[in-house]
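Q: I should like to learn how to read the features of a protein model. Where should one begin?

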Amino acid sequence: MKLQTVEQKKLAETIGNKRKGKSKRNHIVLILLSLLSFTISLKASLWIAENFFFDKFFYYKSIKHGYLIPGKYLPYQAYGKRGRDLASLTEQTRELNERRGAPQILGTTDDGVYTIAVVGDSMVWGQGLREKERFANVLERRLDRISPTRVISLGYPGDSMLDNYIKYTLMKHLNPSIDLYIFGVVDNDLFLNKPDRYDSALFEEVVDVCREKPLFYDPPFNPSQDAQEHTQQYAQNVKMSFSDSYANPCIFKKTASLLPQRNAIYLIFAPRSIQYDQHFSRMEEIMQRNELFILTVSQYFEQMSGQELHEKYYISDGEGHPSAFANEIFAQALFQEITRNPRWRFTDLMKR
């Protein structure tokens, strides 16, 4: 009788331990499911916020979308690939100026890899977009499927055509083996920045020939400004930068005369024909006079209504930079030009 009681106790303990073990596993599973559910909900919420409420949740808040945080300095490297090449350019320029030698920039060599340097402002930087959505990244992926290709991205918000010329000059000096340059062209390219943004000596060299008139500088952007007010102010600023009361038109003419002709494409991002825009028309005239190769994208959007264009070309109502869809179009236009026109010598690599 006593033996049976001991056996019963052992059996009871065994059953109890199994129940405790099962309960513990259930708790662990429940915790894991809760964490998984939370992660999925968070990702879903962020996806909805980004795709349907961009202006309210992401506008000027996310460095993953290339935004410069007002009042806070972040180095180029903080922005991932989109800032990596520019960081390398500025660092090696600094080393060169300090007479430490002239290292070859970004590790590029004449090794059978077709190398493109894309130079520009926030349109090249991809403000409002993730890195993979930028046309420089899309173009690199498409060309690389045909022949080894490397795209160096040298865009930064607010850069002028003079800044772009300076970046090109530094790049050419540090690495003369670039196969093709692509310059982004926008109507605010006449705005000027501080002389020391990239190289003050090169800045002064160009500006000195136009010193008789005052300079119009790039006004600071106010992220809290109403979108409509910002659009109106922007239009006024562009008008002032083209005014002959300022030295800016003279500086643009001088810059255009120094930009490369042989191995460069000048991509105008405007979604409508530039012949109807007095500022773009004036820029085009100056560029054509200097025999610069201009590539437009308006033909890809000409069949769209005004409403459809607004919805597809721009990221959102509050973010007036080109969308991922528009960047796909930019990449497509460049891809077709580079692969079909023997002038750019990409076809030479394709035949190997």
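A: One begins with a definition: helices (H or I, at least four residues) and strands (E, at least two) are DSSP runs, numbered from the N terminus. The expected span of a helix is 1.5 Å times one less than its number of residues. Helix H12 (residues 324-340) has 17 residues and reaches 24 Å from its first C-alpha to its last, close to the 24 Å expected at 1.5 Å a residue. In total, the protein has 13 helices and 5 strands.

Q: What kind of model is this, and how are its residues numbered?

A: This is a predicted model, in which local features need pLDDT of at least 70 and side-chain atom pairs count only at pLDDT 80 or more, while totals for chains, interfaces and linings use all residues. Residues are numbered from 1 along each chain as its sequence is written, and side-chain values use heavy atoms, with hydrogens and water left out.

Q: Which residues of H12 are buried?

A: Buried means under 20% relative accessible area, exposed over 50%, and partly exposed in between (1.4 Å probe, protein chains only). An α-helix has 3.6 residues a turn, so residues three or four places apart point the same way. The buried residues of H12 include Ala326, Ile329, Phe330, Ala333, Leu334 and Glu337. Of the 352 residues of the protein, 45% count as buried.

Q: How does one read a salt bridge, and with which residue does Glu328 form one?

A: Side chains of opposite charge can pair when their charged atoms come close. A salt bridge is a side-chain nitrogen of Lys or Arg within 4 Å of a carboxyl oxygen of Asp or Glu. The structure holds 12 salt bridges. In one of them Glu328 pairs with Arg142, the closest N and O atoms being 2.6 Å apart. This pair links distant parts of the chain, with Glu328 in helix H12 and Arg142 in helix H5 (residues 135-144), 186 residues apart. Glu328 is partly exposed at 33% relative accessibility, and Arg142 is partly exposed at 23%.

Q: How many disulfides does a search of the whole structure find?

A: A disulfide is a pair of cysteine sulfur atoms within 2.5 Å. The search finds 1 disulfide. Cys210 and Cys250 form a disulfide with their sulfur atoms 2.0 Å apart. The torsion about their S-S bond is about -70 degrees, so the disulfide is left-handed.

Q: Is Cys210 buried or exposed?

A: Cys210 is buried, with a relative accessible area of 5%, whereas Cys250 is partly exposed at 33%.
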